[in-house]
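Let's take a walk through a protein chain together, starting with the whole and then zooming in on a sheet and some charged pairs. Have a look at the structure first.

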Amino acid sequence: MSETKSPASAALGVDAPRHEPAYVLAFDTANEVIAIGVGMLHEEARAIELVAHAEIEARRQSNTQLIPRIDALLAERGIAREDIACVCVGRGPGSFTGVRIAMATAKGIASALEVGLVGVSSLDAVAWGVWESGARGEVAVVADAMRKEVYPVRYLVDGAGAHRHEADRVVKADLAAEELAECDAATPGASGALQLLGGSALANSSLGCSRRAELRAEHTAQSQSPSDSEDNGKGRLSDAGAPEAGRHTPCSNSPRCAAELRAEHTARPQELSTPDELVVASLPAQRLLLAGDALKKYRDLFVSCGEVLPEDTWTPTGAGLLLALQAAWHSGECDPFDAVRHNPAFALPVYTRLSDAEENERARAARAAREGSARAAHGSAGREGAATLGVPDANLRTGVQDAEAVAHPSLVHSLAGKAPAYEETSPAHHATLHEQSILVAPPDERGISYKPLDLSHAGCVAALESRIMGSDAWSEALVADEIPRRDRTWWAAYASEGKPGEVGMLVGYAGGWVVDGDVQILKVGTNPAWRRRGIARELLAHVAADARNLGAQTVSLEVRAGNEGAQALYKALGLVPVGTRPRYYSDREDALIMQGDLAPLVGAAEPVEESSRLVAGMELQVDASHDVQATAVGAVGVSRPLILAIESSCDETAAAIVDGEGALASDVVASQIDFHARFGGVVPEIASRKHIEAICGVCDECLEVAAKNLGMESLRWRDLSAVAVTYAPGLVGALVVGVAFAKGAAWAADVPLIGVNHLEGHLYANRIGCPDFTPPAVVSLVSGGNTMLVHMKGWGDYKTLGTTIDDAVGEAFDKVAKALGLGYPGGPVISRYGAKGNPRAIAFPRAMMHSGDLRFSLSGLKTAVVTYINGEREAGRELNVPDICASFEAAVVDVQVAKAKRALEMTGARTLCVGGGVAANPVLRASYEKMCSKAGVRLVLPPLSACGDNAGMIALVALDRFKQERFFPFDFDAKAHVNLDEPY
């Protein structure tokens, strides 16, 4: 641990006039080093005086060491929590988990202290650390991005500070080395007018979208035929209800575009000059200087690219973080004292790519395009109704090109308008669950579903384009060329009736191109008959979310100068006019150029119900469990303690507050189902990202609702008695967010921290609807990740009697629904169709029904169902979906009930209770009622609102643990797996 008071004191304004002490706490965990900085804020001079800093080797222990290290450093300097006026956090890029630990912790601290949270680039902090070390010249910071990739960013570091040349991006390490070697060979030392770094990049300069568009147009004109460049490069907005945005036809994905922009930046400094910018003097030519933690892994690869700086400059430092913050303060990009402007909910990590699932989704689209082109070239795609580009036809069950169509070209899907059966010329091949790509998101209350645009619908987009864009419409070839590009994001809206596997009619589309930190909206179009339903807003929200994950911070577009309605919509989303492009459209009408921050667009979607509230694109479920409990026990007054509990183990971000009598003062749940539906299951990376986005909003709503229900004017973090959080089991990336946030909040509020086992929470969920429930009992715990029977001898005293040896019940439901093309989650939709079917129609196996023990197996049943489905399709018979669902459901329930009955007999318990998401299944609930009635056993069921993951159940566990003073230290960590039987 290294600490100091003074290395950067002069630069950080030590001589600035002081008022009452106000401090900033800065930290970063984007790599294997924890960097912490503490500075005193001097408001009049906009200066920060370095008080102390520490850099500690974390070795993948950031979540266990961060809060204790912060606490120790502040204690050594005699700084109290209430003296912190601002929190500054390194936003990355870096290790996904490391960045989230810092970000979630910072959100928790800033929320509980009620101060602003300012994010700075972790790479900028490295560059400022290089500056503080005394090095000067052209610097490349190369951070490790794992998977043989790096984050390379070049800077000019001179006497005035660190100045960024380019936006964050991720590239293969060997490619980055080649690029930097070229830069080293041609380092001129002069970089023209660049902004002093405080988080800004070239994309935020006044060069703006207009000149970038000109460069793209010039590039495109060189590669297009005259007719193409004349007719296809423009679009228009039709009216306020359906804004259609058009851009110049995009050029190819190439780093050369960025290089051209930088050259233009240098050649035209007068275009960039503003009162807030700093003109940087030229430096003598010298070798490129190298820093960044990627050098630990790839030093041999990069050593020839320039001069490697000392290793202590490779990672962020506390001083570097404070210097980056001060630069942003000087430039007006932030104000450490403005907590409203820097609401912790607004701070997000730096992302430079989509999740693996989303990238694979786009890779499949690209492969489909190549396969389609190859088939077209060989004349195999010329049958009636085939796409003109040779693109594989859409699977009528999923609406996209299935993976097996690419991997097995002999397996040809049926055409639109024909029988929805496989025409399989290779009978030996059967579609597997992993080959199927379920991209049908369930329709919303308006009957609209949203998903990434696929190649099979390029023709549909072109047809709608010609209808609403006229001569400015793009051709099918242009649309199809756009979709697979890695720096593009395209989304489509489909109207359907919600039938099994129905894709529906394409009624809207939107696309964007991410370049140099800006997303340029290429197209937005809505079917005139489907306007005034929020489709354009929703599409823009999806495009913006993807763009943000690809590193964009700003948005730009063109709109017809005469389209006042569309301009009003864009202004409502935070865009402002910045210029005009004369005679831009084919009818010679001018285009108004508009730009703005990306964040408002990410949250542009509107809730279906006016009374609903959206957080991070998720509609909040508020007080469902509170209302059930209030009905059971009646209203109560305020009773201490008051504990706020957080749940983030999977795909729900939830918070609840419980009082000393066990009454829920509030409970709030934000479900991510809509974000995972198109993948057929929960994507851990997406889940973790959405938790980061939602956790502040969910907790804020929880506190606000609790205050209202308790009759209090307000309820603040400092008013709480403790903070609780689910620490295990679950998805580690999801758990880490909740744990880090809870640690930060509990530390800042100076209250105890309580860890809760998620599985124990499901046992306590039965107390929400039945407050008088007490053990002993047998518990049937059935969810997406667990299937088990537990003997509950007492609260906190459990013995597992049997678990599944493979799939969990909820997992089996999801996989069968996926095989049927019913979408995700599988439980509700299978129940809905099963209610219309015959449960005895198909004799699916009852696995391990007579095994003699209490173990379960669902894998064989799932395989039997998929085999049956494939057999029916192979025989050309239409699937009876209701009968399949009912028969599968009956096979699952029969085994669950039989084994639960045996467990009651073995233990002698006179109460059976149920927990987990599958506890909401109506057939399972009815069957348990029937069995318990015959056996004379009490059945306790959680209310439907408490079957899935929620924080109310976590709060009830936390209350008992609070009374027992069973608190967690701040050095604990999240765990993917724990044994329910073991005390904790």
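## The chain as a whole

The accessible surface of the protein chain adds up to about 35,600 Å², and carbon and sulfur atoms own 50% of that. Keep in mind that you're looking at a predicted model. The chain has 984 residues, and 61% of them count as buried.

What is the chain built from? Its secondary structure comes to 28 helices and 32 strands. Now take the contacts between residues with a separation of 6 or more: 73% of them involve residues 24 or more positions apart.

## A sheet of seven strands

Now zoom in on one open sheet. Seven strands make it up, and if you walk across it you meet them in the order β14-β15-β16-β17-β18-β20-β19, with mixed pairing. Which strands stand at the edges? They are β14 (448-452) and β19 (576-581); each has a single partner strand, so one side of each has no neighbour in the sheet. Going from one strand to the next, the twist averages 25°.

How do strands hold on to each other in general? They pair through backbone hydrogen bonds, either parallel or antiparallel. For a parallel example here, look at β17 (residues 518-526) and β18 (residues 554-560), which pair over three bridges. One residue to find is D518, whose bridge partner in β18 is T554.

## Helices against the sheet

Which strands does helix α14 touch? This helix (residues 535-549) packs on the sheet and touches β14, β15 (488-495), β16 and β17. Its direction makes about 150° with that of β15.

Helix α12 (residues 458-469) is another one to find: it lies across β16 (505-515) and β17. Compared with the direction of β16, α12 runs at about 90°.

## Charged pairs

Side chains of opposite charge can pair when their charged atoms come close. How many salt bridges are there in this model? The count comes to 34.

Start with R486 and E359, whose side chains meet in a salt bridge at 3.6 Å, N to O. R486 sits in the loop between α13 (476-482) and β15, while E359 belongs to helix α10 (residues 356-377), so this pair ties together parts that are 127 residues apart in sequence. Is R486 buried or exposed? Its relative accessibility is 60%, and anything over 50% counts as exposed, so R486 is exposed. E359, at 21%, counts as partly exposed.

## More bridges to look for

R938 and D772 form another salt bridge, with their closest N and O atoms 3.3 Å apart. This one also links distant parts of the chain: R938 is in strand β32 (residues 938-940) and D772 is in the loop between α22 (766-769) and β28 (777-782), 166 residues apart. R938 is partly exposed, with a relative accessible area of 35%, whereas D772 counts as exposed at 53%.

Then there's R855 with D853, where the closest N and O atoms are 2.8 Å apart. R855 is partly exposed at 39% relative accessible area, and D853 also counts as partly exposed, at 23%. Finally, try tracing a network of salt bridges: D472, R560, D587 and E589 are linked in one.

How values were computed:
Residues are numbered from 1 along each chain as its sequence is written. This is a predicted model: local features need pLDDT of at least 70, side-chain atom pairs count only at pLDDT 80 or more; totals for chains, interfaces and linings use all residues. Side-chain values use heavy atoms; hydrogens and water are left out. Two strands pair if DSSP finds at least two bridges between them. Helices (H or I, at least four residues) and strands (E, at least two) are DSSP runs, numbered from the N terminus. Axes are lines fitted to C-alpha atoms, for helices over the stretch in contact, and angles run from 0 to 180 degrees between N-to-C directions. Contact means heavy atoms within 4.5 Å. A salt bridge is a side-chain nitrogen of Lys or Arg within 4 Å of a carboxyl oxygen of Asp or Glu. Buried means under 20% relative accessible area, exposed over 50%, partly exposed in between (1.4 Å probe, protein chains only). Accessible areas come from the Shrake-Rupley method with a 1.4 Å probe; for residues, only the protein chains shown count as cover.
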